[in-house]
Amino acid sequence: MGTAMQNLDRLLAMPFGCGEQNMVLFAPNIFILQYLEKTHQLNSKIKNKATTFLESGE
């Protein structure tokens, strides 16, 4: 599990599709951001990537 926790930014995904599909991809991005922020692992590159995905989901 350590490897997965070190590479959470690779789990970020661009939301797309209908409303239900958007939420399935949208929610994990938020949880990943919260986890990385609370564990002081969030850097500007990851934050910008996640923010872009959250703002421009298709």
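User: How do the axes of helix α2 and helix α3 lie with respect to each other?

Analyst: In this predicted model, the axes of helix α2 (residues 19-38) and helix α3 (residues 44-55) come within 10 Å and cross at roughly 155°. Axes are lines fitted to C-alpha atoms over the stretch in contact, and angles run from 0 to 180 degrees between N-to-C directions. Residues are numbered from 1 along each chain as its sequence is written. Local features need pLDDT of at least 70, side-chain atom pairs count only at pLDDT 80 or more, and totals for chains, interfaces and linings use all residues, while side-chain values use heavy atoms, leaving out hydrogens and water.

User: Why are α2 and α3 called roughly antiparallel?

Analyst: The term applies to angles over 145 degrees (under 35 is roughly parallel, 65 to 115 roughly perpendicular, the rest oblique). The axes cross at roughly 155°, and α2 and α3 are therefore roughly antiparallel to each other. Their crossing is left-handed, meaning that the near helix is turned anticlockwise from the far one by less than a right angle, whereas clockwise would be right-handed.

User: Which residues of α2 and α3 meet?

Analyst: With contact taken as heavy atoms within 4.5 Å, F26, N29, I30, L33 and L36 in α2 meet I46, K47, A50, F53 and L54 in α3. These residues divide into 8 nonpolar, 1 polar and 1 charged.

User: What makes N29 buried and A27 partly exposed?

Analyst: Buried means under 20% relative accessible area, exposed over 50%, and partly exposed in between (1.4 Å probe, protein chains only). N29, in helix α2, has a value of 0% and is therefore buried. Leaving aside its neighbours within four places in sequence, N29 is in contact with L11, L12, A13, P15, F53 and L54. A27 is also found in helix α2, but its 23% makes it partly exposed. A27 and L54 are 27 residues apart in sequence and 9.4 Å apart in space, C-alpha to C-alpha.

User: Which residues make up the largest nonpolar core?

Analyst: It has 8 residues: L8, L12, I32, L33, L36, I46, A50 and F53. The elements giving two or more residues to this core are α2 and α3. A core is a set of buried Ala, Val, Leu, Ile, Met, Phe, Trp, Tyr and Cys residues joined through side-chain atoms within 4.5 Å. Apart from neighbours within four places in sequence, A50 is in contact with L12 and L33.

User: How many helices and strands does the protein have, and what share of its residues count as buried?

Analyst: There are 3 helices and 0 strands, and 17% of the 58 residues count as buried. Helices (H or I, at least four residues) and strands (E, at least two) are DSSP runs, numbered from the N terminus.

Methods: Nonpolar A, V, L, I, M, F, W, Y, C, P; charged D, E, K, R; others polar.
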